[in-house]
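Visitor: Please take a close look at one part of this model, the largest pocket, and at what surrounds it.

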Amino acid sequence: MNPDHASFPCGDITLEGIWHLPRTESPLPCVVVCHPHPFYGGSMSNNVVYAICRALAERNIAAFRFNFRGVEQSGGSFGGGSGEQEDVRAVLSFILESRYIDAGRIGLAGYSFGAGVALPVALQDNRISRLALVSPALSDAGWEQIKSYNKPNFIAVGDADFVIPLKQFRKHIQEIPATCRYQIIPGADHFWGEHIKLLAQKVTDFFVDGFGQPGSDCE
């Protein structure tokens, strides 16, 4: 089906989002996708976020993208990262109210700033069973969080990313547990450009491997 707009509460504000729901009567796994930093134009309309959601739906996994607080029609104002974590928790509560969603197969993905928001939520929220981080600018503390995360997770970066020092990334990645997969995509920078389709495929493959979904006839 075509993307479907939604609104939902988060405390005393209302947030907006968009469903990407494949055509099926069976309960579906679902992945929530978090967008990059709003101070740099990030929103749920970001091309990387959209590409991941579309690729997921094409593989029979529901996807939900949304605007963090203060972005476009979402209420409130920028929350410095902690407020945005509350937004993600509100999204999880909202999607789990849907009869189309399988509560036992919930994934979380984040791109750039969205990755930094998604990681601490995944560490604390047992509703999430798989985590994907795209272009995460992780601090040493963030890498320690990755090391302590015991559920399947996936990290994708480009080897031309000006935000993430590749030497430092390679050093840290050697210390991560077996629950984490990673992909360094040659030629890709922080914005992914012509590599977006490949990135979306890699992220989707990770969730398909865990959720066991066949192809879909979604639009």
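Guide: A pocket here is an open set of grid points, where a 1.4 Å probe fits, with protein on both sides within 12 Å along at least five of seven lines. The model is predicted. By that definition, the largest pocket holds about 360 Å³ of space. Its lining counts 21 residues, and Pro36, His37, Ser112, Phe113 and His190 are the closest to its centre. Two elements, helix H3 (113-124) and helix H4 (140-148), give two or more residues to this lining. H3 contributes the most, with three residues. By class, the lining of the largest pocket has ten nonpolar residues, eleven polar residues and no charged ones.

H4 can be followed further into the fold. Its buried residues are Gly142, Trp143 and Ile146. These three lie on the same side of H4, because they cover an arc of only 100° around the axis. An α-helix has 3.6 residues a turn, so residues three or four places apart point the same way. Asp140 and Ala141, on the other side of H4, are exposed. The packing partners of the buried H4 residues are H3, strand S6 (130-134), strand S7 (153-158) and helix H5 (166-173). H3 is thus both a contributor to the pocket lining and a partner of the buried side of H4.

Phe113, one of the residues closest to the pocket centre, also belongs to a cluster in which ring pairs link Phe39, Phe66, Phe68, Phe78 and Phe113. The whole structure has 15 aromatic pairs. One of them joins Phe39 and Phe78, with 4.5 Å centre to centre and 45° between the planes, a tilted arrangement. This pair connects distant parts of the chain, 39 residues apart: Phe39 is in the loop between strand S3 (28-34) and H1, and Phe78 is in the loop between strand S4 (62-66) and helix H2 (82-95). Phe39 counts as exposed because its relative accessibility is 59%, and the cut-off for exposed is over 50%. Phe78, at 31%, counts as partly exposed. Another pair is formed by Phe66 and Phe68: their ring centres are 5.1 Å apart and their planes are at 85°, so the pair is edge-to-face. Both Phe66 and Phe68 are buried. The cluster therefore includes buried rings, Phe66 and Phe68, as well as the exposed Phe39.

Note on methods. Residues numbered from 1 in each chain as written. Predicted model: local features only at pLDDT ≥ 70, side-chain atom pairs only at ≥ 80, totals over all residues. Heavy atoms only, no water. 1 Å grid on protein atoms, 1.4 Å probe; cavity = no way out; pocket = protein on both sides within 12 Å on 5 of 7 lines; lining within 4 Å. Points joined across faces, edges and corners; volume = space filled by probe spheres on them. Helix = DSSP H or I, 4+ residues; strand = E, 2+ residues; numbered from the N terminus. Nonpolar A, V, L, I, M, F, W, Y, C, P; charged D, E, K, R; others polar. Buried < 20%, exposed > 50% of the residue type's maximum accessible area, 1.4 Å probe, protein only. Arc of directions from axis to C-beta. Contact = heavy atoms within 4.5 Å. Phe/Tyr/Trp six-rings, centres within 6.5 Å; stacked < 30°, edge-to-face > 60°.
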